[in-house]
Amino acid sequence: MQCEMNAKEFISELSARSGFNIKETEKAVEQLSDIISSNISEDRILIINGFGRFFVEKHVEHVEVNAETSAKMLMPPKLSAVYVPSRLLTGMDKEKDTYED
């Protein structure tokens with residue numbers, strides 16, 4: 001089962017669990033977002049133990065061929081922000097590299 005939570009719901013729940021008011025919680029979430037953004041924009045990996053890793057993945061320039069028309073297209077290089085959750089969050093067993101049931 002996959003649940004979705006928007007930013008407002010996340011901040012409300014975090015506020016309730018932490019005991020901080022909504023404004024303080026919004027500021028903390030904004031600061032966390034700024035820290036993540038500044039680290040990955042400087043091409044640094046940000047590791048939060050028990051939570052996961054944030055980093056930038058670089059995709060090099062390459063040629064793609066349209067399967068229908070056989071037209072070649074030059075795809076420019078691009079950067080993608082990546083988040084990889086920790087094994088603790090995913091339930092992955094570190095020793096066996098398998099998911100726990």
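In this predicted model, Glu-42 and Arg-44 are joined by a salt bridge, with their closest N and O atoms 2.7 Å apart. Glu-42 is partly exposed, having a relative accessible area of 49%, and Arg-44 likewise counts as partly exposed, at 42%. A search of the whole structure gives three salt bridges, and the other two can be taken in turn.

Asp-43 meets Lys-58 through a side-chain salt bridge, 2.9 Å from N to O. This pair links distant parts of the chain, since Asp-43 sits in the loop between helix 2 and strand 1 while Lys-58 belongs to strand 2, 15 residues apart. Asp-43 is partly exposed, at 46% relative accessibility, whereas Lys-58 counts as exposed, at 55%. The backbone of Asp-43 deserves a look as well. Its phi is near 60°, a positive value in a residue other than glycine. The loop that holds Asp-43 runs between helix 2 (22-41) and strand 1 (46-48).

A positive phi is also found at Ser-70, where the angle is about 65° although the residue is not a glycine. Ser-70 is placed in the loop between strand 3 (62-65) and strand 4 (72-75). With a relative accessible area of 53%, Ser-70 is exposed; the cut-off for that class is over 50%.

Helix 1 carries the salt bridge between Glu-13 and Arg-17, whose closest N and O atoms are 2.7 Å apart. Both residues lie in this helix, four residues apart, which is about one turn. Glu-13 is partly exposed, with 32% relative accessibility, while Arg-17 is exposed, with 69%.

Helix 1 (residues 7-18) is also the place of Leu-14. Leu-14 is partly exposed, at a relative accessible area of 32%. Together with Met-5 and Phe-10, Leu-14 makes a nonpolar surface patch of about 260 Å². Membership of such a patch requires over 30% relative accessible area, so the 32% of Leu-14 meets that condition.

Two of the patch residues, Phe-10 and Leu-14, return in the lining of the largest pocket. About 190 Å³ of space lies in this pocket. Besides Phe-10 and Leu-14, the lining is made by Ala-28, Val-29, Leu-32, Ser-33, Ile-48 and Phe-51. Helix 2 gives the most to the lining, with four residues, and helix 1 and helix 2 each supply at least two.

Phe-51, one of the residues lining the largest pocket, leads on to the aromatic pairs. A pair of aromatic rings is described by the distance of the centres and the angle of the planes. The count comes to three aromatic pairs. In one of them, Phe-51 and Phe-54 are stacked, with 6.2 Å from centre to centre and 25° between the planes. The stacked label applies because planes under 30 degrees apart fall in that class. Phe-51 is partly exposed, at 38% relative accessibility, but Phe-54 is buried, with a relative accessible area of 13%.

Phe-54 also pairs with Tyr-83, and here the ring centres are 4.9 Å apart and the planes stand at 35°, so the pair is tilted. Phe-54 lies in strand 2 (residues 52-59) and Tyr-83 in strand 5 (residues 78-85), so this contact ties together parts that are 29 residues apart in sequence. Tyr-83 is partly exposed, with a relative accessibility of 34%. Through ring pairs, Phe-51, Phe-54 and Tyr-83 are linked into a cluster.

Strand 2 therefore takes part in two of the contacts described above: it holds Phe-54 of the tilted ring pair with Tyr-83, and it holds Lys-58 of the salt bridge with Asp-43.

Technical notes. Residues numbered from 1 in each chain as written. Predicted model: local features only at pLDDT ≥ 70, side-chain atom pairs only at ≥ 80, totals over all residues. Heavy atoms only, no water. Phe/Tyr/Trp six-rings, centres within 6.5 Å; stacked < 30°, edge-to-face > 60°. Buried < 20%, exposed > 50% of the residue type's maximum accessible area, 1.4 Å probe, protein only. Patch = residues over 30% accessible without salt bridge, like charges linked within 9 Å, V, L, I, M, F, W, Y side chains within 5 Å. Areas by Shrake-Rupley, 256 points an atom, 1.4 Å probe, with all protein chains shown as cover. Salt bridge = Lys/Arg side-chain N within 4 Å of Asp/Glu carboxyl O. 1 Å grid on protein atoms, 1.4 Å probe; cavity = no way out; pocket = protein on both sides within 12 Å on 5 of 7 lines; lining within 4 Å. Points joined across faces, edges and corners; volume = space filled by probe spheres on them.
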